[in-house]
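Hello,

Here is the structure I promised to pass on to you. My notes on it follow below, and I hope they are useful when you open the file.

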Amino acid sequence: MSVLIYAESDNGSLRKGAFEVASYAKGVADALGTTVTALTVNVSDVSELGNYGVSKVLQVSDNALTKFQAKAYSSIIEQAAKAEQSKVVVLSSSTNSKYAAPLLGVALNAAVVSNVVSLPKSTSPFVVERTAFTNKAFQETQINSDVKVICVSNNSYGLKETSVSIEAEAFSPSVNGGSLEVVSIDKATDKVSIADAEVVVSGGRGLKGPENWHLIEDLATVLGAATACSKPVSDMGWRPHSEHVGQTGKPVATNLYIAVGISGAIQHLAGINASKVKVVVNTDPEAPFFKAADYGVVGDAFEVVPQLIEKLKAFKSTN
Amino acid sequence: MKILVCISHVPDTTSKINFTDDDTKFDTNGVSFVINPNDEFGLTRAMWFKEKQGASVDVVNVGGPDTEPTIRKCLAIGADNAIRVNANPTDSLFVAQELASVAKNGGYDLVIAGRESIDYNGGVVPGMLAALLDANFVNTCISLEVEGTSATAIREIDGGKETIKATLPLVIGGQKGLVEESDLRIPNMRGIMMARKKPLSVVEPTGSASQSEPSSFSKPAPKGSVTLVSADNLDELINLLHKEAKVI
């Protein structure tokens, strides 16, 4: 009856999202009077999960699962949920987890509720809060199915340390990915992805052209940040679509979001609204972004950003 | 190839979001509705398959009579037939089951839905639909080619992309990248006139089950005002981010 999580990993290391999912599941387990079990795939060291409330780990080691494949992964999570008789399964809101979650929901005859930002308001009936209308609203949702699949919104619940004693056991589910084949993966290994970043630096039309993007990239490098852009910038082909953040692009929920030369259209603001702290640099003091930001600098990006980079370098060297 | 494109009827991206009936219903007052952007990218890609490879393209929506202008727009863009399942959606499973019923009856090779609708942002329907149809599934799809019964798709992943080969029948959760923004079509007068004569059949729901229900809505607390820092005093900004916001 434990709460089951799928603890995501990359090349054998647990992702930060796995610890947030564990923290959240521990909160749910406490409310239900049960414990948290984690499923891991090809991760050898799972001990850190014990710092976030996981008391049991089902460790799967299988070369057939090296590449993420939604059908195969949803099937092994299903088998783990059945073995544990779990009534609640918690996943992250990563691209892969959101790919597998609906398949898992159908297999377990469970409702799938995504973008969840709170622990259950009550467990009987089971009510959680999620975001809707691209962060323009919250929606309380009552889940009526016996088994429930919850995708926690990234960086919403945060990490909560709860040390518990942890035991791991090997788990060998049957693996069946069907006829779909992942042929190749193209992933920049030297860059932080928008999904994993603590800080995102984003540029808009105010940068005047793709040749000036070194300003955004250099600022991102100093901060260990991912780079992003506004919709017009991706539509004009200055930057790839994968960097477009906003309502029809990627949602961003980082600790710090720095917008340079972005006016702040409602669609853009919706997409980045879940970020904790927002900084805007813009020449136009009337830009709507100033109403949505925590800190603002009215000034020319071409003057402000190089100075900011130098000052941050000095700050980083002493802190 | 028979293609079915699933269409959500959603508030325009510039809409102000308000609620009525004691915060239990979305307030449609003064809101204009559009084809869900993620679905429109899929529909536009389907038109490419129609024009280059002779595919037939049907569109389906689960919704009340108020969604028909949105469905007619899909016909004006070039879809051949439209189906409306006459029911107000209750949850993802309900919609997926109703779509699955339509997809099974029509014997489609390729079903294209948007990655998520921009109203409730569930992102669950395409995957549930694929599971109910026991079809292959590619989510967050940014490129799709089909030759005979085999498809090559590119899926966006966190920090990159991956290439997938899959056989039909296939369900796609699509997004921008399937086509470019500049490829989107504004219906012309001829398309609009033709759309009036194209079949829009209304079918009753099969009585699918729901597993969840929205109980109430709320809006984020209003934001405090911005702290402005002079462009000549960026040390102050760094200080605030470090000591006050504690993010660097």
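A word on terms before the notes: two residues are in contact if their C-beta atoms, placed from the backbone, lie within 7 Å. Please also keep in mind that this is a predicted model.

Let me start with one residue, A:Lys56, which sits in strand E5 (residues 54-60) of chain A. Is A:Lys56 buried or exposed? A residue counts as buried if 20 or more other C-beta atoms lie within 10 Å of its own. A:Lys56 has 20 other C-beta atoms within 10 Å, so A:Lys56 is buried. Setting aside neighbours within four places in sequence, the contacts of A:Lys56 are A:Ser2, A:Thr35, A:Thr37 and A:Glu167. A:Glu167 is 111 residues away from A:Lys56 in sequence, yet their C-alpha atoms are 5.0 Å apart in space.

Next, the nonpolar cores. The largest has 118 residues, and the members that touch the most others in it are A:Ile5, A:Ala22, A:Val90, B:Val5 and B:Leu129. Not counting residues up to four places away in sequence, A:Ile5 touches A:Val21, A:Ala22, A:Ala25, A:Val36, A:Ala38 and A:Val90. Another core, of 52 residues, lies apart from that one, and its members include A:Ala197, A:Ile262, A:Phe290 and B:Leu241.

You may enjoy the sheet. It is open and has 10 strands with mixed pairing, in the order E13(A)-E11(B)-E10(B)-E9(B)-E12(B)-E8(B)-E1(B)-E6(B)-E7(B)-E13(B). Strand E13 (181-187) of chain A and strand E13 (200-203) of chain B are at the edges; each has a single partner strand, so one side of each has no neighbour in the sheet. From one strand to the next, the twist averages 30°. Within the sheet, strand E9 (residues 136-147) and strand E12 (residues 170-174), both of chain B, pair in the parallel sense over four bridges. There, B:Cys141 stands opposite B:Gly174 in E12(B). Helix H3 (residues 92-106) of chain B packs on the sheet, where it touches strands E1 (2-6), E6 (56-63), E7 (81-86) and E8 (110-114) of chain B. The direction of this helix makes about 150° with that of E6(B).

Finally, the domains. Chain A is divided into domain 1 (3-170) and domain 2 (199-318), and the C-alpha centres of these two domains of chain A lie 32 Å apart. Eight residues from domain 1 of chain A and seven residues from domain 2 of chain A take part in the contact. On the domain 1 side, the residues that touch domain 2 comprise no nonpolar, seven polar and one charged.

Best wishes

Conventions:
Residues numbered from 1 in each chain as written. Chains lettered and ligands numbered in written order. Predicted model: local features only at pLDDT ≥ 70, side-chain atom pairs only at ≥ 80, totals over all residues. Helix = DSSP H or I, 4+ residues; strand = E, 2+ residues; numbered from the N terminus. Buried ≥ 20, exposed ≤ 12 C-beta atoms within 10 Å, placed from the backbone. Core = buried A, V, L, I, M, F, W, Y, C linked by C-beta atoms within 7 Å. Pairing = 2+ DSSP bridges. Axes fitted to C-alpha atoms, helices over the stretch in contact; angles between N-to-C directions. Domains from an automatic or database assignment. Nonpolar A, V, L, I, M, F, W, Y, C, P; charged D, E, K, R; others polar.
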